[in-house]
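Please open the structure in a viewer and keep the sequence at hand. The stops below suggest what to select next.

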Amino acid sequence: MNDYAGQHEVISENMTSLITGELTRYVQELKQERKSHFHDGRKAQQHIETCWKQLEASKRRFERDCKEADRAQQYFEKMDADINVTKADVEKARQQAQLRHQMAEDSKAEYSSTLQKFNSEQHDHYYTHIPNIFQKIQEMEERRIVRIGESMKTFAEVDRQVIPIIGKCLDEITKAAESIDHKNDSQLVIEAFKSGFEPPGDIDFEDFTQPMKRTVSESSLSNSRGDGKSEPKFGGKSKGKLWPFIKKNKGAGPEDFSNLPPEQRRKKLQQKVDELNKDIQKEMDQRDALTKMKDVYIKNPQMGDAASVDHRLAELGQNIEKLRLEVQKFEGWLAEVEGRLPVRTEQARRQSGLYEAQNTSAVNSCAQDRESPDGSYTEEQSQETEMKVPATDFDDEFDDEEPLPTIGTCKALYTFEGQNEGTISVAEGEMLYVIEEDKGDGWTRIRRNEDEEGYVPTSYVEVYLDKNAKASRFRSGSGVPA
């Protein structure tokens with residue numbers, strides 16, 4: 001299937017490089033060419049409109065000069081017929097009439113020339129310039145159509161090249177389908193979803209006839225009481241064996257997944273912790289980005305108001321704190337589950353010791369968790385009691401060991417109230433010594449002075465390890481993970 005998908009990726013890559021990329025560049029060229037042609041068309045249209053305006057202006061000027069020449073000629077004739085007018089006034093009127101006639105002739109010549117020029121420009125516009133522009137646009141569109149056809153042929157060639165490989169992939173998919181081992185798949189499912197419950201042991205025979213000799217009434221009374229006590233226990237045992245086949249409640253389960261078997265509960269809790277840690281990382285990335293943005297605004301106020309991001313930064317800080325509390329809560333439940341599983345490691349015992357005080361109520365409810373769906377108890381209570389003993393012995397031995405050397409320093413990012421046994425309280429910004437790294441359980445062991453040391457959540461501190469000290473501890477064996 002991966003190879004089959006890979007061939008489609010090859011098709012996609014070739015289409016991107018040979019078709020999409022080329023067409024994108026070609027489209028940009030067409031846009032520029034089309035824009036140039038339309039610009040030439042608008043320029044030609046503006047030119048012919050300008051010529052028309054010049055013709056109209058010349059025509060109006062010729063009309064005006066003709067009318068003025070007529071008025072001047074009429075005035076001269078009137079003055080010449082009047083016997084009371086002096087000869088000088090008549091001569092002046094005659095000269096004025098001749099001047100107006102000359103101006104009219106000049107306007108006539110200019111109008112004639114402008115008209116001939118406009119007719120020539122108009123002929124060129126409609127029979128030469130505009131047809132040429134449309135011809136260029138048509139040729140551009142024809143080139144585009146040809147290019148589209150070439151791209152379609154290229155796509156066909158790209159697809160045809162991978163058809164043999166796709167055929168082989170389909171043959172391999174058929175072979176893989178025929179080689180499916182359903183038995184092995186079933187075992188994988190069983191391994192993934194096993195409950196972790198231990199099967200209950202055999203029920204001992206309780207002989208009520210030998211230890212005592214009583215009257216019939218007393219014996220009957222005793223037997224009835226004994227039956228009253230034993231029947232619920234036996235009934236609980238029987239139903240406890242068949243608990244997977246009892247109809248389950250499809251509603252939302254408890255937050256700590258206590259309704260699930262131990263192994264499935266551990267997986268669910270671990271998945272929840274991982275999801276919360278991812279959410280914390282996302283919130284922290286957003287906070288870091290906003291912090292950088294605020295620094296930019298502070299240095300360059302014209303780019304934005306630095307106070308505008310304070311509210312969002314406060315919200316992110318609150319969200320991160322809530323998520324960290326959620327992680328701490330689920331890690332506590334996870335440590336409790338890992339402490340109750342049959343296989344115990346030193347790391348799991350240390351987690352159990354750390355969370356023992358914090359999860360006292362959860363530990364007290366372990367008996368309820370061990371109940372089968374009908375309310376009866378299983379025999380895991382005695383197993384848990386036995387497993388708590390080595391954890392206590394381990395803590396006692398741990399206290400008697402010599403103080404561990406420091407392997408680095410750390411800075412507290414947040415205030416942590418170490419109210420549980422094995423933890424230590426730190427204040428935000430406080431510098432402390434690191435004596436043991438986080439071994440995957442989410443806790444780092446630190447020391448304030450010779451008398452004060454303990455565990456703090458790893459997410460609450462920023463660790464600066466000393467490489468030399470870490471290497472020497474690893475060589476000496478003290479840094480080997482448990």
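Begin by selecting Arg266, which is partly exposed because its relative accessible area is 22%; buried means under 20% relative accessible area, exposed over 50%, and partly exposed in between, with a 1.4 Å probe and protein chains only. This is a predicted model, in which local features need pLDDT of at least 70 and side-chain atom pairs count only at pLDDT 80 or more, while totals for chains, interfaces and linings use all residues. Residues are numbered from 1 along each chain as its sequence is written, and side-chain values use heavy atoms, with hydrogens and water left out.

**Salt bridges on the helices**

Add Glu263 to the selection: its side chain meets that of Arg266 in a salt bridge (2.8 Å, N to O). A salt bridge here is a side-chain nitrogen of Lys or Arg within 4 Å of a carboxyl oxygen of Asp or Glu. Glu263 is buried, at 13% relative accessible area. The two residues are separated by about one helical turn because they lie three residues apart in helix 5 (residues 262-299). Helices (H or I, at least four residues) and strands (E, at least two) are DSSP runs, numbered from the N terminus.

Next, select Arg100 and Glu68, whose closest N and O atoms are 2.7 Å apart in another salt bridge. This pair links distant parts of the chain, with Arg100 in helix 2 and Glu68 in helix 1 (residues 2-81), 32 residues apart. In total, the structure holds 23 salt bridges.

**Along helix 2 and into helix 3**

Follow helix 2 (residues 87-178) to Arg160, which is partly exposed at 47% relative accessibility. The side chains of Arg160 and Glu157 are joined by a polar contact of 2.9 Å; such a contact is a pair of N or O atoms within 3.5 Å, where within protein one must be able to donate a hydrogen and the other to accept it, and residues adjacent in sequence count only if both atoms are side-chain atoms. Then select Ile11: its C-alpha is 9.7 Å from that of Arg160, although the two are 149 residues apart in sequence.

At the start of helix 3, a side-chain oxygen of Asp181 comes within 3.2 Å of the backbone nitrogen of Lys183.

**The strands**

Select strand 1 (residues 408-412) and strand 2 (residues 431-436), an antiparallel pair with four bridges; strands pair if DSSP finds at least two bridges between them. Gly408 has Val434 of strand 2 as its bridge partner, and Val434 also stands opposite Ile446 in strand 3. Strand 2 pairs in the antiparallel sense with strand 3 (residues 443-447) over three bridges. In the hairpin between them, Gly440 takes a positive phi near 100 degrees.

Which strand comes next to strand 3 through a hairpin of five residues? Strand 4 does, running antiparallel to strand 3 with five bridges. Four of the five residues of strand 4 (residues 453-457) are buried, so this strand is largely enclosed by the rest of the structure.

Select Glu453 and Arg447, whose side chains form a salt bridge (3.1 Å, N to O). Salt bridges that share partners connect these two with Glu436, Lys439 and Arg445 in one network.

**A last stop in the loop**

Finish at Thr423, in the loop between strand 1 and strand 2. Thr423 is buried, with 12% relative accessible area. Beyond neighbours within four places in sequence, its contacts (heavy atoms within 4.5 Å) include Phe416, Trp443 and Tyr455.
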